[in-house]
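Thanks for asking me to look this one over. Please open the sequence and the model side by side, and we can walk through them together.

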Amino acid sequence: MSKKGESNKRARVVGAGAGAGAEAGDDTEVVVDDFNPPLTMPQIQTRIRQLLSRLPGKDATAALAADEIPAMENWCHTVRGILRNYNLTLNFVAIANYQWEPDRPGHTGQSLGALRNQISLSTAQTNIVSNHIGRVLTPTLDRQLMKKRTVELENGEKEESYVYKNVVNDPEMLQLNREQLCNEAIYKRQLLVSTMEQMCQCMDDYQKAEAGAAGGDGQRFSMAY
């Protein structure tokens, strides 16, 4: 699905769960996309699923080769952008679930603790991929002198000019990182798919636990600006 198509997806939230201003019993359609951040748990799940659908396909990932640098770097740029948006989206969980801690029952505090632990685990798993991508796209560079030019002026003085170029500090290590990324790309892609799907499942479990603790009313605080 194209990015433009994803931007037109809608998250339907019923009643007060749609955020401030929605009255109980109303059906409110809320846009969640690149320009409209999520403000409730269902919207956060919708956003994660949007990002998940943008991951490069399994066949394209399997076809990556270290000697086909443009295709490999395009894959890296795409995945890096998705991971940045994913980690940013996870930061909205704390906003969507804010409650003054002394007012939170002990059992719901345990559910929130489990959710926080899953977020930490998910972040650690995605960092495995993003760190490797960083070593491929932004290797260490050295500035080297490529050309020196000396011009003698009319007054007899000499003027020197220099041309510098940034070169890769360790080409062999860069090639090794590229080869390793291509060899592990299928596993790394599946790691991202699994951790993002698991994050959505964890949010489902958390909302069920909260709804049960509240006697069926699982509405949470939403902060919209």
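Here are my notes, point by point.

1. **What kind of model this is.** Please keep in mind that the model is predicted. The chain has 225 residues, and 35% of them are buried. About 13,500 Å² of the chain is exposed, with carbon and sulfur atoms supplying 50% of that area.

2. **The order of elements.** Seven helices and four strands make up the secondary structure. Read from the N terminus, the order is α-β-β-α-α-α-α-α-β-β-α. Looking at contacts between residues at least 6 apart in sequence, 67% of them join residues at least 24 apart.

3. **The main nonpolar core.** Which residues touch the most other members of the largest nonpolar core? Met 41, Ile 48, Leu 115, Met 196, Met 199 and Met 203 do, in a core of 36 residues. Helices α2 (41–53), α4 (69–90), α5 (92–96), α6 (106–137) and α7 (171–213) each give at least two residues to this core. The largest share belongs to α7, with eleven residues.

4. **Met 41 as a place to start.** If you would like one residue to click on, try Met 41. Leaving out residues up to four places away in sequence, Met 41 touches Val 93, Ala 96, Asn 97, Leu 115, Met 203, Tyr 206 and Gln 207. Leu 115 and Met 203 also appear with Met 41 among the core residues that touch the most other members.

5. **Helix α2, enclosed.** Is α2 largely enclosed or largely open? Ten of its 13 residues are buried, so the rest of the structure largely encloses α2. The buried residues are Met 41, Gln 43, Ile 44, Gln 45, Thr 46, Arg 47, Ile 48, Gln 50, Leu 51 and Leu 52. Do note that this list includes Gln 43, Gln 45, Arg 47 and Gln 50 alongside Met 41 and Ile 48.

6. **Helix α2, length check.** At 1.5 Å a residue, α2 should span 18 Å with its 13 residues. The C-alpha atoms at its ends are 19 Å apart, which agrees with that expectation.

7. **Asp 34 and its two partners.** The count of salt bridges comes to four. In one of them Asp 34 pairs with Arg 47, and their closest N and O atoms are 2.8 Å apart. This pair links distant parts of the chain: Asp 34 sits in the loop between β2 (27–31) and α2, while Arg 47 is in helix α2, 13 residues apart. Asp 34 also forms a salt bridge with Arg 54, where the closest N and O atoms are 3.1 Å apart. Here the partners are 20 residues apart, with Arg 54 in the loop between α2 and α3 (58–62).

8. **How covered those partners are.** Asp 34 counts as partly exposed, at 28% relative accessibility. Arg 47 counts as buried at 4%, and Arg 54 counts as buried at 15%.

9. **A salt bridge within α7.** Glu 184 and Lys 188 form a salt bridge whose closest N and O atoms are 2.4 Å apart. Why are these two separated by about one helical turn? The reason is that they are four residues apart in helix α7. Residues three or four places apart point the same way because an α-helix has 3.6 residues a turn. Glu 184 counts as partly exposed at 28% relative accessibility, whereas Lys 188 is buried at 9%. Coming back to the earlier pairs, shared partners join Asp 34, Arg 47 and Arg 54 into one salt-bridge network.

10. **Strand β3 and the surface.** Leu 145 lies in strand β3 (residues 141–152) and is partly exposed, with a relative accessible area of 44%. Together with Tyr 162 and Tyr 164, Leu 145 forms a nonpolar patch on the surface, with about 290 Å² of accessible area in total. Lys 147 is also found in β3, and it is exposed at 52% relative accessible area, the cut-off for exposed being over 50%. Not counting residues up to four places away in sequence, Lys 147 touches Ser 161, Tyr 162 and Val 163. From Lys 147 to Lys 165 the C-alpha distance is 9.3 Å, and the two are 18 residues apart in sequence.

Conventions:
Residues are numbered from 1 along each chain as its sequence is written. This is a predicted model: local features need pLDDT of at least 70, side-chain atom pairs count only at pLDDT 80 or more; totals for chains, interfaces and linings use all residues. Side-chain values use heavy atoms; hydrogens and water are left out. A nonpolar core is a set of buried Ala, Val, Leu, Ile, Met, Phe, Trp, Tyr and Cys residues joined through side-chain atoms within 4.5 Å. Buried means under 20% relative accessible area, exposed over 50%, partly exposed in between (1.4 Å probe, protein chains only). Contact means heavy atoms within 4.5 Å. Patches are made of residues with over 30% relative accessible area and no salt bridge: like charges are joined within 9 Å, nonpolar side chains (Val, Leu, Ile, Met, Phe, Trp, Tyr) within 5 Å. Accessible areas come from the Shrake-Rupley method with a 1.4 Å probe; for residues, only the protein chains shown count as cover. A salt bridge is a side-chain nitrogen of Lys or Arg within 4 Å of a carboxyl oxygen of Asp or Glu. The expected span of a helix is 1.5 Å times one less than its number of residues.
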